[in-house]
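Biologist: I am new to this structure and would like to learn how to read it. Could we take it one feature at a time?

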Amino acid sequence: MSSVNSLLQEEVHALYLSHHCWLVSWIRRRLGCVHHSSDLAQDTFVRIIDRSASLSHVLEPKAFLSTIAHGLMVDHIRRKELEQAYLQAVSYLPQREISSPEDRMRFIEALMRIDGLLDGLNPKTRRAFMLSRIEGMTYPEIAQQLSVSLRTVETYMAEAIRHVLANN
Amino acid sequence: MKINHSIQPDTTDPAEGAISQLIYEELIAWSVRLNSGLATELEFNDFKKWCAQDPLHERAWNKLQLLEQNVSSLSPESRLIASETLGLASEQRLVNLKRRRTVKLLGSAAIGLFVTGLLANNYGLLLQDNYYVTAIGKREKVVLADGTTLLLNTNSKVNVKFSLFKREIVLHQGEIYIETGKDNDSIFGRRAFWVQTEQAAFEAIGTQFAVNQQSSITRLHVVEGVVAMHIASNPPVLAYANDTYTLRSDASHPVKNDSSRDRLNLDPMGWVNGVLVSKQMRLQDFAAELSRYQNTPVVCEPSVSELIVSGVFQLDRPDPIDHALKAIARALPVSIQNQGNALLITYHKK
């Protein structure tokens with residue numbers, strides 16, 4: 001344990017003591033469930049430990065904590081959306097169901113990352129990108145599928161790659 | 001959600017700051033070409049030369065590869081379901097967005113409004129204690145003091161009770177759709193928001209949801225956000241966007257309606273957009289739904305009660321129920337008879 005790490009630990013510990021309770025209520029008021037709120041509050045502090053070098057820059061602890069917690073809640077809701085979409089997809093493609101729960105979890109994690117990569121893209125651009133990368137279609141095939149010109153598909157693909165590079 | 005249009009340098013790698021916008025644009029052009037399915041071996045070789053020209057070219061390519069790996073690492077067997085899942089999630093988000101935009105301003109007609117001034121209760125002084133009532137066949141929109149939008153469907157009655165610490169809507173009967181307001185003007189910060197029905201209490205923050213109270217059943221449909229369902233002293237159950245739940249007096253926990261069982265055959269949000277949307281609905285159930293919108297009940301003979309109705313029926317038009325029944329009479333082997341105190345649907349061979 002270097003001295004930098006133990007300083008961070010002290011700072012986080014102090015933050016926890018003074019604001020953990022407040023954070024749990026803040027989250028609960030938005031989520032409506034005590035059980036999930038404690039979990040998310042814990043996750044918030046874990047994320048701080050994982051991601052921060054030091055907390056000396058933090059002037060407003062409540063704003064700092066609530067911003068991170070909000071991000072985690074958005075992730076949580078996104079994950080629920082994907083899980084629900086997965087269940088619906090399985091109802092259309094029952095033979096493609098992922099049987100092992102661990103594999104399913106890893107699958108959803110992978111989709112979360114892809115979803116994050118493409119967040120903000122127009123639906124058509126997103127669709128074109130997925131047809132190319134996930135389904136391995138050629139651009140002429142995509143053009144036919146989406147009823148657009150080849151030129152348009154090329155534009156979509158450029159937009160998608162530019163977006164992926166610029167936002168990650 | 002940040003949308004950048006110029007590519008920001010990776011701040012953890014100082015050398016990468018040197019990758020110019022021009023290099024990225026060249027890389028994008030290469031990537032577009034090489035993934036087209038039309039690129040020749042010559043073009044692939046030219047690309048290798050471009051990478052070798054400058055270590056920054058190679059670096060930019062590696063950055064892109066790393067990001068693309070998120071997709072390329074999907075196993076071949078899981079690709080189809082991945083594509084379908086991502087597509088469905090994306091579609092659903094669009095639907096949610098459209099719904100928010102198209103909640104229409106409903107025509108105004110008589111609203112029963114009884115204001116009873118300040119009343120003392122458990123939660124301190126009631127700042128607002130108003131009743132809103134809609135007549136049969138009428139729908140109304142109300143904007144409350146905290147910014148909440150409240151839509152009432154046919155034949156509904158609510159009591160809006162706002163106190164210093166809590167916002168509560170008591171749904172006595174009928175159906176409502178709510179978009180909770182931010183409550184910016186409240187003295188003690190954003191107050192909790194509750195909807196009380198016979199079967200349960202719902203707590204919501206920053207959400208859009210519909211609640212339907214009929215005889216001994218409450219139905220909840222969440223459009224956006226999260227609603228906690230409290231029944232008696234049981235731990236609350238969370239409902240998320242697109243969930244529909246049925247709560248009955250004789251059941252201690254809410255039942256989620258999903259596609260495999262207990263299918264909700266009537267779109268819970270149709271009325272908000274001025275339509276009734278039935279999907280494979282039993283004629284008897286559909287008739288019961290139509291009856292809510294007019295004084296004369298619509299009844300089915302047993303011989304036709306199991307016929308299936310699917311379709312979209314306009315509510316925002318003159319004589320909507322009449323029109324819907326005419327459409328049914330054209331599509332199904334039935335005829336409608338006016339018995340004076342009821343409209344009877346009977347079997348009629350076509």
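Biologist: Is Glu11(A) buried, exposed or partly exposed?

Modeller: This is a predicted model, and what I quote is computed from it. Buried means under 20% relative accessible area and exposed means over 50%. Glu11(A) has a relative accessible area of 22%, so it counts as partly exposed.

Biologist: Where is Glu11(A) placed, and what does it touch?

Modeller: Glu11(A) belongs to helix H1 of chain A, residues 3-31. Leaving aside residues up to four places away in sequence, Glu11(A) touches Ser54(A), Leu55(A) and Ser56(A). From C-alpha to C-alpha, Glu11(A) and Ile49(A) are 9.8 Å apart in space, with their positions 38 residues apart in sequence.

Biologist: What elements does chain A contain?

Modeller: Chain A has 7 helices and 0 strands. Read from the N terminus, the order is α-α-α-α-α-α-α. Of the 168 residues in chain A, 43% are buried. Among contacts in chain A with a separation of 6 or more, 58% are between residues 24 or more positions apart.

Biologist: Which residues of helix H6 of chain A are buried?

Modeller: In H6(A), residues 139-146, the buried ones are Tyr139(A), Ile142(A) and Ala143(A). They lie on the same side of H6(A) because they cover an arc of only 105° around the axis.

Biologist: What do the buried residues of H6(A) pack against?

Modeller: Their partners are helix H5 (123-133) and helix H7 (150-166) of chain A, together with helix H1 (21-34) of chain B.

Biologist: How is the size of an interface given?

Modeller: It is often given as the accessible area lost when the parts come together. Here chain B and chain A bury about 4900 Å² between them, and 65% of that is on carbon and sulfur atoms. On the chain B side, Ile81(B), Leu86(B) and Arg93(B) lose the most area to chain A, together 14% of what that side buries. Counted by residues, 52 of chain B are in contact with 54 of chain A.

Biologist: How many salt bridges and polar contacts are there between chain B and chain A?

Modeller: There are 2 salt bridges between the two chains. Arg162(A) forms a salt bridge with Glu25(B), with the closest N and O atoms 3.1 Å apart. There are also 11 residue pairs in polar contact, both residues at pLDDT 80 or more.

Biologist: Which elements of chain B give two or more residues to the side that touches chain A?

Modeller: They are H1, helix H3 (55-72), helix H4 (79-102) and strand E10 (217-230) of chain B. H4(B) gives the largest share, 14 residues. By class, that side of chain B has 26 nonpolar, 15 polar and 11 charged residues.

Biologist: What sign does phi have in most residues?

Modeller: Most residues other than glycine have a negative phi. Asn242(B) has a positive phi near 75° and is not a glycine. Asn242(B) is in the loop between strand E11 (237-239) and strand E12 (244-248) of chain B. Asp319(B), also not a glycine, has a positive phi of about 45°. Its loop runs between strand E16 (308-314) and helix H6 (320-331) of chain B, and Asp319(B) is exposed, with a relative accessible area of 57%. In chain A, Ser147(A) comes just after H6(A) and takes a positive phi of about 55°.

Conventions. Residues are numbered from 1 along each chain as its sequence is written. Chains are lettered from A and ligands numbered from 1 in the order in which they are written. This is a predicted model: local features need pLDDT of at least 70, side-chain atom pairs count only at pLDDT 80 or more; totals for chains, interfaces and linings use all residues. Side-chain values use heavy atoms; hydrogens and water are left out. Buried means under 20% relative accessible area, exposed over 50%, partly exposed in between (1.4 Å probe, protein chains only). Helices (H or I, at least four residues) and strands (E, at least two) are DSSP runs, numbered from the N terminus. The arc is that of the directions from the helix axis to the C-beta atoms. Contact means heavy atoms within 4.5 Å. Buried area is the accessible area (1.4 Å probe) that two parts lose on being put together, summed over both. A salt bridge is a side-chain nitrogen of Lys or Arg within 4 Å of a carboxyl oxygen of Asp or Glu. A polar contact is a pair of N or O atoms within 3.5 Å; within protein, one must be able to donate a hydrogen and the other to accept it, and residues adjacent in sequence count only if both atoms are side-chain atoms. Ala, Val, Leu, Ile, Met, Phe, Trp, Tyr, Cys and Pro count as nonpolar, Asp, Glu, Lys and Arg as charged, and the others, Gly among them, as polar.
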